[in-house]
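Got your viewer open and a selection box ready? Here's a walk through the model, one stop at a time.

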Amino acid sequence: MKSAIISVIVATMLSACTSSTVNRAETGACTVKNKLDIRVMGTRRYYLLHLPQGYSPEKEMPLVIVLHGAFSTPRQMEQETCFSTLSDHHDFLVAYPSGAYGLFGFLKHWNAGHCCGKAAKENLDDVGFLLRVIEDIQKKFPVDRARIYMVGFSNGGMLTYLFAAKHPDRLAAAAVLSAAIGGKADAKTPVWIPPRPPLPLPLIVFHAKDDMNVPYHGGISPKKGGQREYLSVEKAIDFWIKNNHCRISPQTAQLRHGRITKQAWTDPVHGNDIELYTIEKWGHRWPGLYFTSHLDEDNPLKDFSFEEVIWSFFQSRPREAAGQPSR
């Protein structure tokens, strides 16, 4: 009965594949817009969900939740990260939740505790919103609950840090790109950092050394100016090393002719590893095929795909392997 109901729901959604709600690929894959009964300034909040080419209502699939940065959109995040294309090759669901307080569908952002914009000032419950997104997808689609992952870029990465700290039991692993784990709005404001997580969680982090929006070494943004200060990447890694009981000394490797340095802090008991990828001369943008495929052939970063690195990290880490019980 349950599978029959799911089949009807999916058939209904796919039959409504219009230009305003869905981007249907030639392969038959489909990205569907789902609205929740949560309103901000009178507008219902929503998420996009990509059903891969190999989707079947009879088969449980991993779920990857991808959070856009400030002043971006779910559709832009889908385009720039190439996660929907990746899911078509590896059979997993991808959700792209939408931030709030946008203007004409744009300029959306998140409350990550210490940042950003109106969402933070109004103390919007974006962690609660993400929980609702996960629950809604689980009700409508066959999700492998031991394989739910979260990815966040910039402001979305800040929210990923917060969600991972509050609800590590809901995730098998997380990925954060170009984001700070905490900070303060001005010199008079105390430093804000997420609460100590109740459980360990495998984590992969990416940050560019020359990021002018969210500086690698912390402090005030060279691009934005103002008084807001961000904590450094080192502070974020230290936070999770202590939480995951990882070895203090990392394994280090040079990739892409030295443009990328990979450091890995291992948890030899439960596999709650932490990986940090530090990239040179990349700035504040997604490090994937959408941008790297257009680079010159002699550029060491040509065709570099961090989305594939993330999926490889996720794929080998269901929640059981992380030493965490399934729900």
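Leaving aside neighbours within four places in sequence, which residues is Arg45 in contact with? Select Arg45 and look around: Asn34, Lys35, Leu36, Ile38, Val40, Ser98, Gly99, Ala100, Trp110, Leu124, Asp126 and Phe129. Keep in mind as you click that this is a predicted model.

**Stop 1: Arg45 and its strand**

Stay on Arg45 for a moment. The residue sits in strand β2, residues 43-51. Is Arg45 buried or exposed? Its relative accessible area is 5%, so Arg45 is buried. Now show the polar atoms: the Arg45 side chain reaches the backbone oxygen of Ser98 at 3.0 Å.

**Stop 2: across to β4**

From β2, move over to β4, residues 93-97. Four bridges join β2 to β4, and the two run antiparallel. To see one pairing, pick Leu48, whose bridge partner in β4 is Tyr96.

Bring in strand β3, residues 61-67, as well. β3 and β4 pair in the parallel sense, over three bridges. Here, Val64 stands opposite Val94 in β4. If you like to draw the bonds, remember that strands of a sheet pair through backbone hydrogen bonds, either parallel or antiparallel.

Next, turn on the side chains of β4. Leu93, Ala95 and Pro97 point one way, while Val94 and Tyr96 point the other way, and all are buried. With five of its five residues buried, β4 is largely enclosed by the rest of the structure.

**Stop 3: the cores**

Which residues have the most contacts inside the largest nonpolar core? Select Leu49, Leu63, Leu93, Ile137 and Trp240; the core as a whole has 58 residues. Helix α5 (residues 126-140) supplies the largest share of this core, seven residues. Apart from this core lies another one, of 34 residues, and Phe92, Leu177, Ile204 and Ile279 are among them.

Zoom in on Trp240. Not counting residues up to four places away in sequence, Trp240 touches Tyr161, Ala164, Ala165, Ile181, Pro197, Leu201, Leu203 and Ile274.

**Stop 4: helix α6**

Select residues 155-166 to bring up helix α6. How far apart are the end C-alpha atoms of this helix? They are 17 Å apart; at 1.5 Å a residue, the twelve residues should span 16 Å, so the two values agree.

Now colour α6 by accessibility. The buried residues are Asn155, Gly156, Gly157, Met158, Leu159, Thr160, Tyr161, Leu162, Phe163, Ala164 and Ala165. Eleven of the twelve residues are buried, and α6 is therefore largely enclosed by the rest of the structure.

**Stop 5: backbone oddities**

Switch to a backbone view for this one. Most residues other than glycine have a negative phi, and most peptide bonds are trans.

Begin just before α6, with Ser154, found in the loop between β5 (143-153) and α6. Ser154 has a positive phi of about 55° although it is not a glycine. At 9% relative accessibility, it counts as buried.

Go on to Cys82, in the loop between α2 (74-81) and α3 (83-90). Its phi is also positive, near 60°. Cys82 has a relative accessible area of 19%, and since buried means under 20%, Cys82 is buried.

Then select Cys115 and Cys116 together. The peptide bond from Cys115 to Cys116 is cis, with omega near 25°. Cys116 lies in the loop between β4 and α4 (117-121).

**Stop 6: a small sheet and a loop**

What is the strand order in the open sheet of three strands? It runs β7-β10-β9, with antiparallel pairing. The edge strands are β7 (183-184) and β9 (219-220), each pairing on one side only. Two bridges join β9 to strand β10, residues 229-230. To find one of these pairings, select Ile220, whose bridge partner in β10 is Glu229.

Finish at Thr266, in the loop between β12 (260-265) and β13 (274-279). Thr266 counts as buried, because its relative accessibility is 17%. Leaving out residues up to four places away in sequence, Thr266 touches Cys246, Arg247, Gln251 and Asp273.

Conventions: Residues numbered from 1 in each chain as written. Predicted model: local features only at pLDDT ≥ 70, side-chain atom pairs only at ≥ 80, totals over all residues. Heavy atoms only, no water. Pairing = 2+ DSSP bridges. Buried < 20%, exposed > 50% of the residue type's maximum accessible area, 1.4 Å probe, protein only. Contact = heavy atoms within 4.5 Å. Polar contact = N/O pair within 3.5 Å; in protein donor to acceptor, adjacent residues only side chain to side chain. Core = buried A, V, L, I, M, F, W, Y, C linked by side-chain atoms within 4.5 Å. Expected span 1.5 Å × (residues − 1).
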